[in-house]
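Trainee: I am new to this structure and would like a close look at a single part, the packing of the helices. Please take that part slowly and then set it in the rest of the chain.

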Amino acid sequence: MFTIYKKNGIIVSVTKMKKKEIELKIIQLIDKIRPFLINDGGNINFIKYDHKEKIVYVSLSGACKDCAMIDITLKDGIEEMIINEIPEIKEVRNIDEEVS
């Protein structure tokens with residue numbers, strides 16, 4: 001992801017975001033949607049960002065964990081929002097789906 005700096009509406013520099021900056025942006029985005037999930041009895045937590053694979057891992061809990069709509073919430077809601085803001089992200093996965 002790139003950060004664009006403008007002065008008086010003119011782009012003055014473009015810098016590539018580092019892994020830590022991307023993680024902070026992901027956390028900010030998750031924090032924006034958390035209240036909506038909490039309102040429905042669920043929650044979401046950032047687990048990690050795999051910079052090499054461009055995959056975000058989250059943990060959905062509470063009512064979200066057993067909800068029949070978990071895949072729609074994850075892919076059409078959370079993943080879509082994160083990818084719209086950070087286009088280099090390829091996927092968002094619920095950590096419960098991973099076999100460790």
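Mentor: H1 passes H2 in a right-handed crossing. This is read from a predicted model. Helix H1 covers residues 19–39 and helix H2 covers residues 70–85. The two pack at an angle of about 145°, and their axes are 10 Å apart. On the H1 side, the residues that meet H2 are Lys 25, Ile 26, Leu 29, Ile 30, Ile 33 and Leu 37. On the H2 side, Thr 73, Ile 78, Met 81, Ile 82 and Glu 85 meet H1.

Another residue of helix H1 is Arg 34. Arg 34 counts as buried because its relative accessibility is 18%, and the cut-off for buried is under 20%. Leaving out residues up to four places away in sequence, Arg 34 touches Asn 43, Ile 44 and Asn 45.

Now the setting of the helices. The protein chain has 2 helices and 5 strands. Read from the N terminus on, the order of these elements is β-β-α-β-β-α-β.

Strand S4, residues 55–62, offers a second place to look, and Ile 55 is found in this strand. With a relative accessible area of 7%, Ile 55 falls under the 20% cut-off and is therefore buried. Not counting residues up to four places away in sequence, Ile 55 touches Lys 48, Tyr 49, Asp 50, Glu 91 and Arg 93. Ile 55 and Glu 88 are 33 residues apart along the chain, and their C-alpha atoms are separated by 9.3 Å.

Lys 48, one of the residues that Ile 55 touches, also takes part in a pairing with a ring. The charged end of Lys 48 sits over the ring of Tyr 57, at 5.0 Å from the centre of that ring. As for rings paired with other rings, a search of the whole structure finds 0 aromatic pairs.

Last, some totals for the chain. The protein chain has 100 residues, of which 31% count as buried; Arg 34 and Ile 55 are among the buried residues. The protein chain exposes about 6600 Å², with 53% of this area supplied by carbon and sulfur atoms. Among contacts in the protein chain with a separation of 6 or more, residues 24 or more positions apart account for 42%.

Note on methods:
Residues numbered from 1 in each chain as written. Predicted model: local features only at pLDDT ≥ 70, side-chain atom pairs only at ≥ 80, totals over all residues. Heavy atoms only, no water. Phe/Tyr/Trp six-rings, centres within 6.5 Å; stacked < 30°, edge-to-face > 60°. Lys NZ or Arg CZ within 6 Å of the ring centre and 35° of its normal. Helix = DSSP H or I, 4+ residues; strand = E, 2+ residues; numbered from the N terminus. Buried < 20%, exposed > 50% of the residue type's maximum accessible area, 1.4 Å probe, protein only. Contact = heavy atoms within 4.5 Å. Areas by Shrake-Rupley, 256 points an atom, 1.4 Å probe, with all protein chains shown as cover. Axes fitted to C-alpha atoms, helices over the stretch in contact; angles between N-to-C directions. Left-handed = near helix turned anticlockwise from the far one by under 90°.
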